[in-house]
Amino acid sequence: MEGKKRQLIRWRASRWERKMLAALGTALSAELFFNIWAENFRISAAVVLYPVLLLTLMQDSRKPDTGVLTALTVLVVRCIIGVAGGEDLMFVACQEYPGALFYLCYDCLLCLQVPNRYEASLTTLWRSFWICDMLSNMEDLTLSRMALPDAPAIVTLVLLGLARSLLAAGILWGMRRYQRLLMEEEHERRYQRLFLLTANLKNELYFLKKDAENIEGIMTRAYQLYEQLGAEDYPEPLRQLALSIARDVHEVKKDNLSIIRGIEGEVADAYNDETMRMSDLLHILRDTMRHILGERQNDVLLECRCETDFATAEHYRLMSVLKNLVMNAAEAIQSGRGSGMILVEERVVREQMVLTVRDTGPGISKRAMQNLFQVGYSTKFDPQTGNINRGVGLPAVRFLVEELDGTIEVTSSEGEGACFQVTIPMDALRGGEA
């Protein structure tokens, strides 16, 4: 599917292909018609379709060349149909050329009135369509009847042109509205990806900074070892080895700090001045989990309830907390019965926001409960690959919650699921209008 999408994106119709498509579409739809006044004066669906094609397929056109090709195509199609019906070719051509000239006249008038079709408003377009329709119809009727149209005919053409121009403008409005909705949807998807990427990077910064502190301690101890070896007259090669370890660790520390500064420079100012409502945060969480779970989303159902909607400036931290807890619950469900439900609830109780993440998984054993928030501890092991989870999700959650002066509690019974409850003061979360 993705390969087909890429092929479609790479393919772009050339100008002549677009002209031919507009001409053929108009010629074929012109055969849906009925006659009035004169036998060869037609009222067809093409008169509504034609301006739509000119404003979509030929939006970059500045000359009436599409009108020339459309007129010729309409005439050729009608001649073929007439000859196939047993009529003489010259008779059919003489009878049908006024209707074919209608499209050339229409395109010429449109080029004169709307030189830049990209910037034309719908109000300008429907007025132009109306004028083009009226004048082109008068040309068609005059040549068909070999006489100027009378007053009743002109009134009818004016009203008919108004109706068809409004219908064509309405179709264009619907197409533009649909295109705008698609763009807004794509913009929302990109914003969600960027938001989650930034939230994840900010989450990982904690562990990078923690590693930086560990590296600093290792470097300090290695240098102390070097000095101690010198004070106790140990062999010089041993002292140089300790010093070399201290230098190497120092280089690792510098590289680590460079990475931290680089990530901080990318995410520190990203949307820092913006707030997000809890309802929007939970909406992003649902969409993200639906994408992560993929085909397994029918086995792991996620329900989010937002009792008190408010704006918060700490949306990155909250998203990291929620995503880690929900992912942990989803993995627990998949490792147990394989199917279940996760319920995320948010409410405010006495100026405290309470987040509850409850699942119907296998629960947590007493032994696991004691080490649940220890970095590196994990109960998730894949016997097929031998891979074990790195065990940093829940410690990261506790760190983020404590940064906001909050608390996290866990209750669970084996075989009955688990419930994580996060409580954070509203003063630490508020931002913008409540």
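User: Is S29 buried or exposed in this model?
Analyst: Keep in mind that this is a predicted model. S29 sits in helix α2, and its relative accessible area comes out at 11%. The cut-off for buried is under 20%, so S29 counts as buried.

User: Which backbone oxygens lie by a polar atom of the S29 side chain?
Analyst: There are two to name here. The backbone oxygen of T26 is 3.1 Å from a polar atom of that side chain. For the backbone oxygen of G25, the distance is 2.9 Å. So to speak by name, they belong to T26 and G25.

User: What does S29 touch once residues up to four places away in sequence are left out?
Analyst: Start with S44, which is 15 residues from S29 in sequence, with 7.3 Å between the C-alpha atoms. S44 is one of the residues S29 touches. The full set is S44, A45, A46 and L49.

User: How are α2 and α3 oriented to each other, roughly parallel or roughly antiparallel?
Analyst: Helix α2 (residues 15-29) packs on helix α3 (residues 46-56) with the axes 9 Å apart and an angle of about 170 degrees. Where they meet, α2 supplies A22, G25, T26 and S29, while α3 supplies A46, L49, Y50 and L53. The crossing is right-handed. Angles over 145 degrees count as roughly antiparallel, so that's the label for this pair: roughly antiparallel.

User: Which helix gives the largest share of the largest nonpolar core?
Analyst: That core has 45 residues, and L325, I342, M353 and F420 have the most contacts inside it. Ten of the core residues come from one helix, spanning residues 315-335. That helix is α10.

User: How many residues are in the second, separate core?
Analyst: Among its members are Y50, L54, L109 and A120. Y50 also turns up in α3, where that helix meets α2. The size of this second core is 25 residues.

User: Which backbone oxygen does the side chain of S165 reach?
Analyst: S165 is in helix α7 (residues 151-231) and counts as buried, at 2% relative accessibility. Leaving out residues up to four places away in sequence, S165 touches W126, F129 and W130. Its side chain reaches a backbone oxygen at 2.9 Å, and that oxygen belongs to L162.

User: What share of the chain is buried?
Analyst: The chain runs to 434 residues, with twelve helices and nine strands. Of the contacts between residues at least 6 apart in sequence, 71% join residues at least 24 apart. As for buried residues, they make up 39%.

Definitions and conventions:
Residues numbered from 1 in each chain as written. Predicted model: local features only at pLDDT ≥ 70, side-chain atom pairs only at ≥ 80, totals over all residues. Heavy atoms only, no water. Core = buried A, V, L, I, M, F, W, Y, C linked by side-chain atoms within 4.5 Å. Buried < 20%, exposed > 50% of the residue type's maximum accessible area, 1.4 Å probe, protein only. Helix = DSSP H or I, 4+ residues; strand = E, 2+ residues; numbered from the N terminus. Polar contact = N/O pair within 3.5 Å; in protein donor to acceptor, adjacent residues only side chain to side chain. Contact = heavy atoms within 4.5 Å. Axes fitted to C-alpha atoms, helices over the stretch in contact; angles between N-to-C directions. Parallel < 35°, antiparallel > 145°, perpendicular 65-115°, else oblique. Left-handed = near helix turned anticlockwise from the far one by under 90°.
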